[in-house]
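Dear colleague,

I am passing on the structure we spoke about, and I would be grateful if you could look through it alongside the notes that follow.

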Amino acid sequence: MILCASLVIQLMFPGVAAQDGWRVNYISKSVCALKGSAVIMECTYTYPSGHSVQRSFWMNKLVSGGEAPNLSDEPEYRGRVQYLGDKQHNCTVLLSNLTEKDQSKYYFRFITDQPGGSWQGAGGVDLSVTDLQVEVPERVIEGGDVTLTCKTTCSLPVRPTFTWYRNGRNLSSTTDQLRLQPVSGEDAGRYHCAVLGLSSPEVPLNVRSVADDKWAVNYISKSICALKGSAVTMSCTYTYPSGHSVQRAFWMKKLISGREAPDLLTDPEYRGRVQYLGDKQHNCSLSLSDVREKDQSKYYFRFITDQPGGSWQGEGGVDLSVTDLQVEVPERVIEGGDVTLTCKTTCSLTVRPTFTWYRNGRPLSSSTDQLHLQPVNSDNKDRYHCAVLGLTSPEVTLDVRYPPKNTSVSISPSGEIVEGSSVTLTCSSDANPPIESYTWFKDAGASTIGSGYSYSFTFDSKSSGLYYCLAQNEHGSQKSAAVPVNVKGDYIMILYVAFGLSLCAVATLLVVVCLMSRKKRKTRKADEHDYQNFDPNAKDDTYTALDRMSRSPDYDTLATARNQK
């Protein structure tokens, strides 16, 4: 089923509309999708605080003054629209099984619960729907080189893988071009290409033999896109009736009848840059090097034989477009988001090149036409450019948008402030885009006391307190740290109070010390009094009991007699 093999395409380049906090941001402003595939249109939206989203939907027209139609309710879209977003900030939508009628602009709208709470994002997403077509040269001559191209009417944002078929059988080529070199009668048949199951109509390839053909010039590619400064090859073949011998074969920029045409090799602007790669039989290829913007033109091949009237120039020619490389950067790069840089050309390059990306002159790993940065931050001031085969684009620098950072308040004059003097507070903040509004607050109050980059006032005792500012831009806000502002008298009073408290503490300490000292002296005197009332001659009862003199009078008599002897 075609829907099962749908090609889902992420859209990468932003477009917004904003006012007073109302905003719809389309991640991509345009996209090319294949008929029968599915496409995701990504977007985000914001609204002021205090609102609650009641309805969110997509539409294919901008409506003013009336109710907008919901895409999901449209009969042509019923069953093919799936809203992937929410009622907060995501508004992504999926549209499947695309038809040619789906080619249109699409817009997102949401409605809140507050009066006047309705917003639709201008700009929208421009959806182009294309199918696949096989481009075949008008005349295919046996022995020549033939290129079939799988074409789209717009440039697909994602490089798909192609599949080629001849008479229903798969061929080996996987690019948008199928080369048959050299072509033979066996290559004749019906060809078609496919991408993820989505197929082109079949086209016939008829191979004519040289013997059957007469006068003809066959340009292998009718249009070529080349990079400025590169080299390009314009391939072609030619035939003529038998009996003729080619005398001259050359290229020119104009179709001329009735007179001799100018040879590109002799044109001063092309001298040294043109090389004829063909011959004087059937090959008429031409190489043009160091391609310039002035080279953008139509080119024709002409040859002259040795027979009367033997002159032929191939109509149609080769339409050469010249482009340079440009790095496409999203209009709005928001900090923290995913950013895709695209190496763009003004036309679709005939040969799928390999891209090289550089940051500050150093090569990066990406080799496709897109460079993904995930996520991006405000410090990203790097320079980027892309290159193809040594041909480089101009450098670009990302302009990353972010909410206020490093918000702070400075005071003038600094230091002690004398009552009655003029004081100026200044709010500084880093933001991109620049700060839209500054709001001033005092202490923990919810009401504002002023606005603007600076806030000035005459200072008195009532002005003392903590001051802070609120810086705001469209991406958010940040509050500074509170700074104290006091007059000189307040500092002196604080010192007096502190000194008084210190004196009280010292006095209290002295009283406590005196009381403890006095108590200690009283305790010492009591001990001395007890010592003075103590009889040193008094004996302890225990000692008396052990003293023989105190226990027996006979001991005294014996002691006296011993002394008399």
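In this predicted model, strands 4, 8 and 7 form, in that order, an open sheet of 3 strands whose pairing is antiparallel. The edges of that sheet are taken by strand 4, covering residues 39-41, and strand 7, covering residues 81-83, each of which pairs on one side only. From one strand to the next, the twist averages 20°.

Looking at one of these pairings in detail, strand 7 meets strand 8 (residues 93-95) in the antiparallel sense over 3 bridges, and Gln82 has Leu94, in strand 8, as its bridge partner. As a general point, the strands of a sheet pair through backbone hydrogen bonds, which may run parallel or antiparallel.

The other feature I would draw to your attention is the second largest pocket, which holds about 480 Å³ of space. Its lining is made up of 25 residues, and those closest to the centre of the pocket are Ile224, Val232, Thr233, Thr350 and Val351. By class, 14 of the lining residues are nonpolar, 8 are polar and 3 are charged.

As for where that lining comes from, at least two residues each are supplied by strand 17 (177-180), strand 23 (223-227) and strand 24 (232-234). Which strand gives the largest share of the lining of the second largest pocket? That is strand 23, with 4 residues.

With best regards

Definitions and conventions:
Residues numbered from 1 in each chain as written. Predicted model: local features only at pLDDT ≥ 70, side-chain atom pairs only at ≥ 80, totals over all residues. Heavy atoms only, no water. Pairing = 2+ DSSP bridges. Axes fitted to C-alpha atoms, helices over the stretch in contact; angles between N-to-C directions. 1 Å grid on protein atoms, 1.4 Å probe; cavity = no way out; pocket = protein on both sides within 12 Å on 5 of 7 lines; lining within 4 Å. Points joined across faces, edges and corners; volume = space filled by probe spheres on them. Nonpolar A, V, L, I, M, F, W, Y, C, P; charged D, E, K, R; others polar.
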